[in-house]
Amino acid sequence: MVERKQYALLDVLKFLLIGLIMLSHTANEHAHLTGMWHYVFSLYNFGVPFCFACSGYLFFSKVKTLPGNEKSVYYKKYSIRLGKMYLAWSIIYISFTICSWLVNGVTSDKILSSIHGWLVYSTYATIWFVPALWIGISITYWLWKNRTCRTVLIVASVLFVFGNLMGSYVNFVKSFDIIEAFHNGYMMVFRTFRNGVFNGVPFVVLGFLVAKKQNTWSPRTNLLFVLLFTFFVVGECAVVKFCNLSTMTDMVFMLAPAIYFLLLWATKVEVKYNNLFLWMRNMSMLVFLSQRIFLSAIPSISVGYSNWIKSMSQLQIMIVLPLMTLLFSWTIIVLSKRISLLKVLW
């Protein structure tokens, strides 16, 4: 069917970009790669925004076909699914955190700080994507149902600009005393602007826009714009770094058009669907959410495991740790056929 042909390339791109996120985390945190490879893996910045946009596209492509009250029913089921997924992974990672406290010791201030982070941001690094996706979908869905499409676009644009100014351009805007005071107060409470409001909503809305309007441009035209705006993303990141505007480059303005045209291209190209694409779809979320087990959770409680990683060469680290994550994720999928409870993880 046509819809499945469109979704096939989405599955491929999600899998590749999430793989790039995993490789980038591995390179930065354990292999400590520098030079050309450091910059190549920096393209992982496309991963999370594309996943937001892709999820927004799939959600609203489905919702717009449903009659009346079924839209709300589907939204509730979608929310429950994300909630169960986040709860399951939170239990896993909080267990590692508590074990780390028992092994390494912990102060009361550290415990209170961690609980604060769990409440306002995420129970562990990387899995912040799940609650952020729910917030992004929820705000966009509410605006769409209760306001105009123009309002959806305006709200997303304002949040995107504000989030970027407080992210990649923070050192510039903090030169104004009133903005610095606001920024410091906000960060004290919410820890980051990289969340479902300032990061999730804008990119979910990009998916909403693609789902709302039929793409009449050719795949070649869309791909040309993808390459053009990717070049602009790289240039903007270079300016941010060179001018010391921020230590972060994962929230830059040119990402929005780059992701928009990438999604347009991916939904326009027709690819014959097969089981490999389904495998990629199932693996994507598991790889995304489980990578931290091998990158930081186990190292936090096992000195032997940490020393084993340190004993490897950079190349070995870049092969072994991602391979462990892939094998773990594949195992979960296989076991889910017999243990249905495991399906909540993905």
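Me: An axis is a line fitted to C-alpha atoms, for helices over the stretch in contact, and angles run from 0 to 180 degrees between N-to-C directions. Helices (H or I, at least four residues) and strands (E, at least two) are DSSP runs, numbered from the N terminus. Helix α3 (residues 47-63) and α10 pack at an angle of about 45 degrees, with axes 7 Å apart. Why is α3 called oblique to α10?

Reply: Angles under 35 degrees are roughly parallel, over 145 roughly antiparallel, 65 to 115 roughly perpendicular, and the rest oblique. About 45 degrees falls in none of the named ranges, so α3 is oblique to α10. The model is predicted: local features need pLDDT of at least 70, side-chain atom pairs count only at pLDDT 80 or more, and totals for chains, interfaces and linings use all residues. Residues are numbered from 1 along each chain as its sequence is written, and side-chain values use heavy atoms, with hydrogens and water left out.

Me: What makes the crossing of α3 and α10 right-handed?

Reply: The near helix is turned clockwise from the far one by less than a right angle (anticlockwise would be left-handed). α3 passes α10 in that right-handed way. On the α3 side the contact (heavy atoms within 4.5 Å) includes V48, P49 and F52, and on the α10 side it includes N199, G200 and F203.

Me: How do you know which class each residue of the contact of α3 with α10 belongs to?

Reply: Ala, Val, Leu, Ile, Met, Phe, Trp, Tyr, Cys and Pro count as nonpolar, Asp, Glu, Lys and Arg as charged, and the others, Gly among them, as polar. By that rule the contact of α3 with α10 has 12 nonpolar, five polar and no charged residues.

Me: Helix α13 (residues 275-301) and helix α15 (residues 314-336) pack at about 125 degrees, with axes 8 Å apart. Why are α13 and α15 called oblique?

Reply: About 125 degrees lies outside the three named ranges, so α13 and α15 are oblique to each other. Their crossing is right-handed. Among the residues that meet are W279 and F294 of α13, and L321 and W330 of α15. This contact has 14 nonpolar, five polar and no charged residues.

Me: What handedness does the crossing of α7 and α10 have?

Reply: α7 passes α10 in a left-handed crossing. The angle is about 145 degrees, with axes 8 Å apart. C149 and F160 of α7, and V197 and K212 of α10, are among the residues that meet. The contact divides into 15 nonpolar, one polar and one charged.

Me: What makes a space a cavity and not a pocket?

Reply: On a 1 Å grid over the protein atoms alone, a 1.4 Å probe fits in a cavity but cannot get out, while a pocket is an open set with protein on both sides within 12 Å along at least five of seven lines. The search of the whole structure finds one cavity of 30 Å³ or more. The largest cavity has a volume (the space filled by probe spheres set on grid points, joined across faces, edges and corners) of about 40 Å³.

Me: Which residues line the largest cavity?

Reply: F160, N164, F198, N199, F203, D250, M251, V252 and L255 line the largest cavity, where lining means an atom within 4 Å of a point. α10 gives the largest share, three residues. The lining has six nonpolar, two polar and one charged.

Me: What is the volume of the second largest pocket?

Reply: The second largest pocket has about 480 Å³. Of its 19 lining residues, Y39, S42, N45, K241 and T249 lie nearest its centre. α11 gives the most, with five residues.
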